[in-house]
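Here is a walk through a two-chain structure, one site at a time. Keep the coordinates open as you read.

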Amino acid sequence: MKKTLQRDLFPGALEMMILRVLKRKPSHGYALVQHIKRTSDDLLQIEEGSLYPALQRLLKAELVKAEWGVSSTNRRVRTYRLTSAGAKHLEREVSSFERMLEGITRVLAPGES
Amino acid sequence: MSWLRQLFSRRRLYKDLSEEIHEHLEEKIEELVAGGMSRKDATAAARRAFGNVTLTEEDSRNVWRWPSVEELLADVRYGLRALRRNPLFTVVASLTIAIGIGANTAVFSVVNSVLLKPLNYPNAEQLVSLHQIAPGAPGLADFESGLHLSPSMYFTYAEHNRAFQSLGVWVTGTASVTGVAEPEQVRTVDVSDGVLQALDVPPAVGRWLSEADQVPRGPQRVMLSYGYWQRRFGGDRSIVGRNLTVDAQPREVVGVTHKGFRLVDTDFDVMVPVAFDRRNLILAGFGFEGVARMKPGFTIAEANADLTRMLSIWMDSWTNGPGTNPHFYETWKITPMIRPLKREVTGNVSDVLWVVMGTIGLVMLIACANVTNLLLARIEARQQELAVRAALGAGWVRMVRGLLLESMMLALMGGALGAAFAYAGVRLLLVIGPANLPRLSEISLDVRTLGFTVVLAVLSGLILGLIPALKYAGPLASLALRSGGRAASASRERYRARNILVVAQVAMALVLLVSAGLMIRTFRALRTVDPGFAAPQHLQVMRISIPDALVPEPERVLRIQNEIVEKLVATPGVQSAGLVSEMPMEGFDSDWDCIFAQDKTYPDNVMAPLYLYKHISPGFLQTAGTRLIVGREFTWNDVYGLRPLVMISENLARELWGTPAAAIGKQLREFPSMPWHQVIGVIQDVRERGVQEKAPEIVYWPPMMAYLFGRKTADTVRTVTFVIRSERAGTEGFLNEVRQAVWSVNSNLPLASVRTMEEVYDKSGARTSFTLVMLGIAGAMALVLGIIGIYGVISYTVSQRKREIGIRLALGAQGGDVLQMVLKQGAKMALVGVAIGIGAAFALTRLMTNLLFGVTAHDPVTFAAVAAVLIMVALLACYIPARRAMLVDPIVALRYE
């Protein structure tokens with residue numbers, strides 16, 4: 001019954017969030033997903049694995065770059081960072097998302113009937 | 001370019017990805033363990049939170065992929081796997097295609113090299129042969145080569161034309177070369193100024209002959225062909241500037257032609273400049289071929305008009321001597337008919353090649369039909385698989401594509417194999433092809449031919465795949481799942497495509513077999529024609545030339561020739577010997593001239609009909625086996641005594657005087673200044689230019705005459721063919737003795753064109769035998785493929801109807817009924833195929849009319865015989881599966897279920 005309440009993200013939403021997180025601070029996959037879960041207070045049910053195809057798409061579009069390195073916990077990690085194209089893309093996406101959200105919110109708002 | 005980089009760095013990308021995911025899980029597990037979970041629980045929890053690892057990896061990898069190509073590759077792999085699973089089918093199908101493609105590629109390479117590629121001269125499209133006809137010239141209509149040019153015509157054309165850059169005349173001949181090893185007779189071409197300029201190709205060594213080499217009584221020069229230079233002088237460059245004795249005349253070698261150079265269609269050893277002396281030229285002397293290069297922008301019609309204009313200049317500028325009317329030639333209606341040089345070179349071989357190409361193309365279609373049938377049967381067996389795939393959501397477009405890919409792979413494999421076959425096939429073609437096939441040395445598998453192979457393979461792949469693919473993988477494929485399995489019985493629908501294919505195969509096979517049958521009839525008709533000589537396998541011929549410089553006195557020449565004949569007769573095993581100016585079918589141009597009969601009147605009294613003439617020695621007729629119809633032949637006494645006697649061919653006697661007997665005692669002469677010669681004998685007609693062509697009228701003069709070639713003094717023919725009848729003809733030992741016999745008379749005489757008459761005869765029929773062999777091969781292939789087609793379909797039907805047949809038998813049908821039922825099915829297909837085939841053959845065989853002899857293109861005997869044979873063979877092919885049907889055990893057949 002929890003399943004029925006759960007909603008899929010719209011296409012591009014995950015990518016947008018990843019870019020936003022990476023803009024704040026370059027990080028590796030695990031850290032990314034933990035950050036998204038934590039900041040969304042677990043409102044968003046994200047399968048951890050679904051992060052990776054999204055990351056590959058961003059890599060392919062050259063919106064992020066990846067580099068192997070060693071984390072503070074002395075673990076071999078692949079750190080992603082935003083490219084300048086990624087930053088521009090994020091800006092566009094966020095503004096268009098905000099407009100869409102506003103539209104949806106207005107429609108959903110209790111009307112003055 | 002980034003996609004290219006991605007393609008190559010994919011392996012690294014995937015490795016990074018797996019590693020990353022692995023690290024991710026590890027980190028999570030560690031964190032959970034640190035939080036107090038057992039390692040096992042932590043692993044499970046981490047995996048649960050992560051989701052399906054394999055799918056994630058797969059999805060992530062897919063980001064990098066090129067979906068359409070990858071799908072295609074997957075389909076190709078799938079197809080290859082399907083082909084590998086059924087190796088027998090794959091081998092049979094691809095071999096069938098390979099043979100078809102191989103044969104087509106081989107023939108195409110010949111068509112391409114001979115007919116399609118431009119000639120090996122720069123701007124070859126400007127080159128023309130100065131062909132002209134003279135429909136008004138009596139007797140000349142028989143000569144397919146038309147009216148050749150006379151030297152005076154050459155001067156007129158060369159000096160007054162507007163349409164040509166350069167223009168010249170040439171003629172082939174033979175000459176003896178002495179002073180280098182053994183005396184040797186070589187093939188020559190005599191060329192005027194303008195010929196080499198028109199052809200415009202550089203020499204390999206030295207320089208071309210030029211105008212300065214063609215001055216009458218000027219310095220004597222000569223050019224060598226590349227082949228002769230290699231053969232005789234081992235490619236020694238210092239030959240340039242040295243002297244070569246040609247016909248006892250020393251000539252300075254000025255250069256060597258490049259490799260493969262031919263003068264129009266003629267291979268030669270030495271090229272001799274001709275130096276016409278303008279002062280001695282008359283209008284007549286039509287003995288030269290003309291070749292010219294048109295100015296850019298001129299059309300053939302304009303060039304023809306230019307020549308027509310110059311004809312009156314020619315008649316105004318020259319004469320045939322006092323008392324003659326130069327404008328007499330207007331009655332000949334000389335008409336220039338310039339031909340592109342390429343047509344001159346390829347000649348009538350194009351008919352043969354296109355017919356062969358067409359038949360081989362038909363064989364390819366039959367092969368495709370066979371393979372399509374195989375594919376249909378195979379796909380029927382795979383219907384369940386296809387239906388399941390469709391049910392599982394495979395789009396039908398993708399399934400059609402998959403099937404097409406399979407047939408395409410078959411076709412491409414066949415094509416690759418076929419290219420190898422073609423390589424061997426071209427070798428074979430060159431062996432069985434007519435030896436006089438033009439441009440033989442140019443035949444090769446070039447880029448265009450390989451392109452043709454690829455196109456053919458792709459096309460056949462499409463044809464092969466389309467029918468089965470559309471039929472079984474189409475939108476209706478899902479029906480198969482429902483009707484599949486045991487319920488499927490023989491619906492008419494199911495067999496229609498395959499039946500149509502078999503009918504088409506039978507029809508095409510009939511067309512090919514009828515063509516082959518017509519060629520066989522032609523061949524047999526040719527063999528029954530009396531060529532005018534007997535038992536050619538026992539007739540040895542050879543050419544010997546006695547040049548002026550070696551023996552100046554004409555009578556001495558005759559004595560030497562006579563002595564050679566006697567020595568030859570004295571050779572063991574020789575029955576008789578004689579000589580003639582040229583044997584029939586030898587390919588040497590015979591002479592012809594106006595011949596006057598005393599009791600006829602001629603316009604202007606200067607021009608009479610043109611007839612071929614020859615010179616024959618006593619004993620020639622008996623040796624050659626040419627029958628004397630009436631009268632007697634020359635004796636040596638007649639010849640030495642210069643008695644004015646002549647013999648004529650039977651058809652000439654009939655034309656002039658009605659019967660051969662009436663000709664005896666009548667009088668003939670060649671030109672007004674010659675005394676009348678009395679006809680003493682009439683000789684049977686001889687097929688001078690091959691059995692396919694009508695025997696020309698011929699005048700036979702003695703070998704020495706008082707007025708030969710218009711000279712007032714006695715003269716002889718210096719180049720003649722010796723003819724020897726012997727059971728030993730053609731053997732090496734015999735030829736050695738013959739050589740010794742000749743050299744015992746004069747050791748400076750080279751022997752040329754040493755052959756048996758049978759070789760000459762076969763060579764003249766080479767075109768027919770080549771066509772026959774090619775059509776025979778095509779017909780046999782078609783027949784075998786057609787039988788396999790019928791057999792395959794019938795036996796497949798029988799195997800599918802086993803249950804039905806079992807029920808029939810169980811219900812009381814007799815074995816004979818079943819046999820009849822199956823045979824009837826086969827007979828129906830064969831009959832329909834034959835009927836369609838007869839219609840098609842009726843339309844198509846007309847195209848080969850030119851190749852036929854003694855039989856019409858619609859010969860009822862051939863049509864009926866081929867149809868009967870085809871139906872019988874088809875029934876035989878049905879009989880084996882029909883017997884199997886008859887022997888079906890009802891119990892076994894029904895228990896199958």
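**A buried threonine in chain B**

B:Thr721 is buried, because 21 other C-beta atoms lie within 10 Å of its own and the cut-off for burial is 20 or more. Bear in mind that this is a predicted model. B:Thr721 belongs to strand β25 of chain B, residues 719-726. What does B:Thr721 contact, leaving aside its neighbours within four places in sequence? The list holds B:Val541, B:Met542 and B:Arg543, then B:Leu579, B:Val580, B:Glu582, B:Met583 and B:Glu586. Take B:Glu582 from that list. B:Glu582 and B:Thr721 are 139 residues apart along the chain, yet their C-alpha atoms are separated by 5.5 Å.

Next come the nonpolar cores. In soluble globular proteins, nonpolar side chains tend to be buried together. The largest core here has 101 residues. Those with the most contacts inside it are B:Val363, B:Val506, B:Leu510 and B:Ala782. Helix α11 of chain B, residues 349-381, gives the most to this core, with 18 residues. B:Ala782 touches B:Leu362, B:Val363 and B:Ile366. B:Ala782 also touches B:Met508, B:Ala509, B:Leu512 and B:Leu513; residues up to four places away in sequence are not counted. A second core, separate from the largest, has 68 residues. Among them are B:Leu612, B:Leu621, B:Val639 and B:Val646.

Now move to the place where the chains meet. Here 18 residues of chain B are in contact with 15 residues of chain A. On the chain B side, the elements giving two or more residues are α1 (2-34), α2 (39-50) and α3 (53-64). The largest share comes from α1(B), with eight residues. By class, this side of chain B has seven nonpolar, five polar and six charged residues.

Chain A has five helices and three strands. Along the sequence they follow the pattern α-α-β-α-α-β-β-α. Of the 113 residues in chain A, 27% are buried. Among its contacts with a separation of 6 or more, 51% join residues 24 or more positions apart.

Is helix α4 of chain A mostly covered or mostly open? Helix α4(A) spans residues 51-60 and is mostly covered, with nine of its ten residues buried. The buried set includes nonpolar residues such as A:Leu51 and A:Leu55. A:Gln56 and A:Arg57 are buried in α4(A) too. Just after α4(A), A:Glu62 takes a positive phi of about 60 degrees.

The strands of chain A come next. β2(A), residues 64-70, and β3(A) pair in the antiparallel sense over seven bridges. A:Trp68 stands opposite A:Arg78 in β3(A). These two strands form a hairpin with five residues between them. In the turn, A:Asn74 has a positive phi of about 65 degrees. β3(A), residues 76-82, also pairs with β1(A), residues 27-28, in the antiparallel sense over two bridges. There, A:His28 has A:Thr79 as its bridge partner.

Last comes confidence. Chain A averages a pLDDT of 83, and 90% of its residues score at least 70. Among the elements of chain A, helix α5 (residues 84-108) has the highest mean pLDDT, 90, and helix α1 (residues 2-5) the lowest, 41. Over residues 1-5 of chain A, pLDDT stays under 50. The model has zero contacts beyond four places in sequence for that stretch. Where pLDDT is low, the predicted coordinates should not be read in detail.

Methods
Residues are numbered from 1 along each chain as its sequence is written. Chains are lettered from A and ligands numbered from 1 in the order in which they are written. This is a predicted model: local features need pLDDT of at least 70, side-chain atom pairs count only at pLDDT 80 or more; totals for chains, interfaces and linings use all residues. Helices (H or I, at least four residues) and strands (E, at least two) are DSSP runs, numbered from the N terminus. A residue is buried if 20 or more other C-beta atoms lie within 10 Å of its own, exposed if 12 or fewer, and partly exposed in between; C-beta atoms are placed from the backbone. Two residues are in contact if their C-beta atoms, placed from the backbone, lie within 7 Å. A nonpolar core is a set of buried Ala, Val, Leu, Ile, Met, Phe, Trp, Tyr and Cys residues joined through C-beta atoms within 7 Å. Two strands pair if DSSP finds at least two bridges between them. pLDDT is the predictor's confidence in each residue, from 0 to 100.
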